[in-house]
Amino acid sequence: MNAIEVRDLHKSYGSLEAVSGVSFEVAMGEVFCLLGPNGAGKTTTVEILEGYRTRERGAVSVLGIDPAHGSRELRERIGIVLQSCGIQTSLTVAELIEMYGRYYEHRRGVDELIEMVELDAKRDTRASDLSGGQRRRLDLALALVGEPELLFLDEPTTGFDPAARRHAWSTIRALCQLGKTVFLTTHFMDEAQTLADRVAVMRAGAIVAVDTPRALGGRELRPSTIRFELPDAKAAEQLPPVEGEVMADGRSIAVRTHDTVRATAAITGWALERGIELEHFSVTQPTLEDIYLELTGEHEAAPA
Ligand code: ATP
């Protein structure tokens, strides 16, 4: 059984079709990431899966349950980190975790959760006195309190400092090793790249691509770019022949090629033989962000 199955999902707000014919599935134990620009329909889709919004058309199954019915049974088995959720901020971290735990038959211990999200030093601090990133970490602890089989993480690391983000990633990875399924939305491409088994890109209510981060949009098949600077523009004329397209802008050279290893060897071998310094030498492939911007039609709006 898949953890999530969605077939031909539709949802409109008045005349606006926010979700128009979305289909996908998420396997048990998978980290599935939904990407898309603001207003693409991600939150609408996720909240239908969580049972917080109704749908017009389509079939939805979450852990074998239709979230439009039976949402109580579902709540016992899923954990949710929303972008903003109304918790009683006059209570302390430990009190809130303790209180939320009471809703669940199976629950994780307060100490274990506090340690998991690294809030040990803030155990007795009121939620109102936590920083933005610490609040998000508390949200994650609250989502995990009921030992969920499936976790919905809506932009889980927004507002985190770099170290806290890395820590959150390893917490999420550790959860996956326990066999949990994670449904993630994020605007951070490095987060999707690091965590997701598969990513889906949503644009204007439709899914335009689903694949592994590595293969999305034919990424693996795209040419790579070798860049470097020569000591002077004249040297550019003596470059060895390479497969691909060579673009010279004065001393700056960019080579787009599918034959990366051979082209790199030809250029570096040529330079070493002649004692030519290649400054700022790099070999890059299109990033997940490049592909994402292309798929969402935003690459023209975003300067290179
Ligand atoms: P973001 O990345 O900004 O969170 P999103 O992909 O989650 O965006 P949604 O929140 O699903 O996008 O919104 C999709 C579209 O539906 C938007 O145009 C939004 O304005 C509209 N919309 C969302 N909720 C409602 C609502 N309750 N009433 C009317 N329109 C809504």
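**Close-up views of a predicted model**

**View 1. The largest nonpolar core of this predicted chain brings together 46 residues.** If you want the busiest spots, look for L35, I97, L138, L153 and V182, which have the most contacts inside this core. Helix α5, running over residues 132-144, gives the most to the core, with six residues. Apart from this core sits another one, made of 26 residues, and V19, L49, I65 and L150 are among them.

**View 2. Here we zoom in on L35 and its contacts.** Leave out the neighbours within four places in sequence, and L35 still touches K42, T186, M189, A192, V199, A200, V201, M202 and Y292. One of these partners, Y292, turns up again in the next view as a buried residue of helix α9.

**View 3. Helix α9 covers residues 288-295 and has buried L288, I291, Y292 and L293.** What sits over those buried residues? The cover includes strand β3 (31-35), helix α7 (189-195) and strand β8 (198-203). Follow the chain just past α9 and you reach G297, which takes a positive phi of about 70 degrees.

**View 4. The ligand has 14 residues around it.** Coming nearest are G39, G41, K42, T43 and T44. Strand β2 (16-26) and helix α1 (42-50) each put at least two residues into this shell, and α1 provides the largest share, three residues. Sorted by class, the shell holds five nonpolar, seven polar and two charged residues.

**View 5. Polar atoms of G39, T43 and R53 lie close to ligand atoms, at 2.8 Å, 2.5 Å and 3.1 Å respectively.** For G39, a backbone N or O atom pairs with a ligand oxygen atom. For T43, the partner of a ligand oxygen atom is a polar side-chain atom. With R53, an N or O atom in the side chain is paired with a nitrogen atom of the ligand. Taken alone, the ligand exposes 640 Å², and the protein buries 63% of that.

**View 6. Zooming back out, the chain has nine helices and 13 strands.** Its C-alpha atoms fill a box of roughly 75 × 50 × 35 Å along the principal axes. How much of the chain counts as buried? Of its 304 residues, 45% do. Among contacts with a separation of 6 or more, 65% come from residues 24 or more positions apart. The accessible surface of the chain is about 15200 Å², with 48% of it belonging to carbon and sulfur atoms.

Definitions and conventions
Residues numbered from 1 in each chain as written. Predicted model: local features only at pLDDT ≥ 70, side-chain atom pairs only at ≥ 80, totals over all residues. Heavy atoms only, no water. Near = heavy atom within 4 Å. Polar contact = N/O pair within 3.5 Å; in protein donor to acceptor, adjacent residues only side chain to side chain. Areas by Shrake-Rupley, 256 points an atom, 1.4 Å probe, with all protein chains shown as cover. Helix = DSSP H or I, 4+ residues; strand = E, 2+ residues; numbered from the N terminus. Nonpolar A, V, L, I, M, F, W, Y, C, P; charged D, E, K, R; others polar. Buried < 20%, exposed > 50% of the residue type's maximum accessible area, 1.4 Å probe, protein only. Contact = heavy atoms within 4.5 Å. Core = buried A, V, L, I, M, F, W, Y, C linked by side-chain atoms within 4.5 Å.
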